[in-house]
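Here's a quick briefing on charges, pairings and placement. Have a look at the structure first, then run through the notes below.

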Amino acid sequence: MEISVYKPDDEQEILTAIKKDPNWDFLTNEKTIGSYRDSLRDSITYICRNDGEFTGFVRAILDKDIAIYISELFVVPKWRNQKIGRSLLERVKIDFPKLAVYALSDEDAYYEKLKYRKIGSVYQY
């Protein structure tokens, strides 16, 4: 398993993978795809490959010296349950050891399994 910093050449693999999952179409529809491409480039984004095959990615938002927020964590379905998500999150923690790491999640059980604590809620208006 190899985790590397996102490069523009990685964009198509990410978009192809998430377009296959209907729960992720809010990022890849006509209205949002351009902004999402910018977000991949402008955020802290890591990708994971196994023997050269794309297996997943994490995108995080840096809040200066305060915290880092996990915005998206995606693992290709056939690669799930192989510690890829955990490894991507660990890479964020390794690269930003002095910052609190917060996950914006709709998969609470996953983060709780990794010993993240629920400390609040996110509201949309």
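**Charges on the surface and inside**

Start on the outside: Lys 83, Arg 86, Lys 113 and Lys 115 cluster into a surface patch of positive charge. Keep in mind that this is a predicted model. Salt bridges come to 10 by the rule used here, and a few of them are picked out below.

**The positive patch**

- One member of the patch, Lys 115, sits in the segment that follows helix 5 (108-113).
- Lys 115 has 71% relative accessibility, so it counts as exposed.

**Asp 10 and Arg 49**

- Asp 10 pairs up with Arg 49 in a salt bridge, with 3.1 Å between the closest N and O atoms.
- That pair ties together distant parts of the chain: Asp 10 is in the loop between strand 1 (2-5) and helix 1 (11-19), while Arg 49 is in strand 2, 39 residues apart.
- Strand 2, where you'll find Arg 49, covers residues 44-50.
- Buried or exposed, what are Asp 10 and Arg 49? Both are buried.
- For Arg 49, the relative accessibility is 18%, and that's why it counts as buried, the cut-off being under 20%.
- The side chains of Arg 49 and Asp 10 also show up as a polar contact of 3.1 Å.
- The pair has company, too: Lys 7, Asp 10, Glu 13 and Arg 49 are linked in a salt-bridge network.

**Arg 41 and its partners**

- As background, side chains of opposite charge can pair when their charged atoms come close.
- Which side chain meets Arg 41 in a salt bridge of 3.1 Å, N to O? That one is Asp 42.
- Arg 41 also forms a salt bridge with Asp 38, where the closest N and O atoms are 3.3 Å apart.
- Arg 41 and Asp 38 both belong to helix 3 (residues 33-42), and they're three residues apart, or about one turn of the helix.
- Asp 38 has a relative accessible area of 35%, so it's partly exposed.
- Asp 42 has a relative accessible area of 56%, so it's exposed.

**Ala 100**

- Ala 100 is part of strand 5 (residues 100-103).
- With 31% relative accessibility, Ala 100 counts as partly exposed.
- How far apart are Ala 100 and Ser 35 in space, C-alpha to C-alpha? They are 26 Å apart, with their positions 65 residues apart in sequence counted as the separation.

Methods. Residues are numbered from 1 along each chain as its sequence is written. This is a predicted model: local features need pLDDT of at least 70, side-chain atom pairs count only at pLDDT 80 or more; totals for chains, interfaces and linings use all residues. Side-chain values use heavy atoms; hydrogens and water are left out. Patches are made of residues with over 30% relative accessible area and no salt bridge: like charges are joined within 9 Å, nonpolar side chains (Val, Leu, Ile, Met, Phe, Trp, Tyr) within 5 Å. Accessible areas come from the Shrake-Rupley method with a 1.4 Å probe; for residues, only the protein chains shown count as cover. A salt bridge is a side-chain nitrogen of Lys or Arg within 4 Å of a carboxyl oxygen of Asp or Glu. Lys and Arg count as positive and Asp and Glu as negative; His and the chain ends are not counted. The place of a charge is taken as NZ of Lys, CZ of Arg, CG of Asp or CD of Glu. Helices (H or I, at least four residues) and strands (E, at least two) are DSSP runs, numbered from the N terminus. Buried means under 20% relative accessible area, exposed over 50%, partly exposed in between (1.4 Å probe, protein chains only). A polar contact is a pair of N or O atoms within 3.5 Å; within protein, one must be able to donate a hydrogen and the other to accept it, and residues adjacent in sequence count only if both atoms are side-chain atoms.
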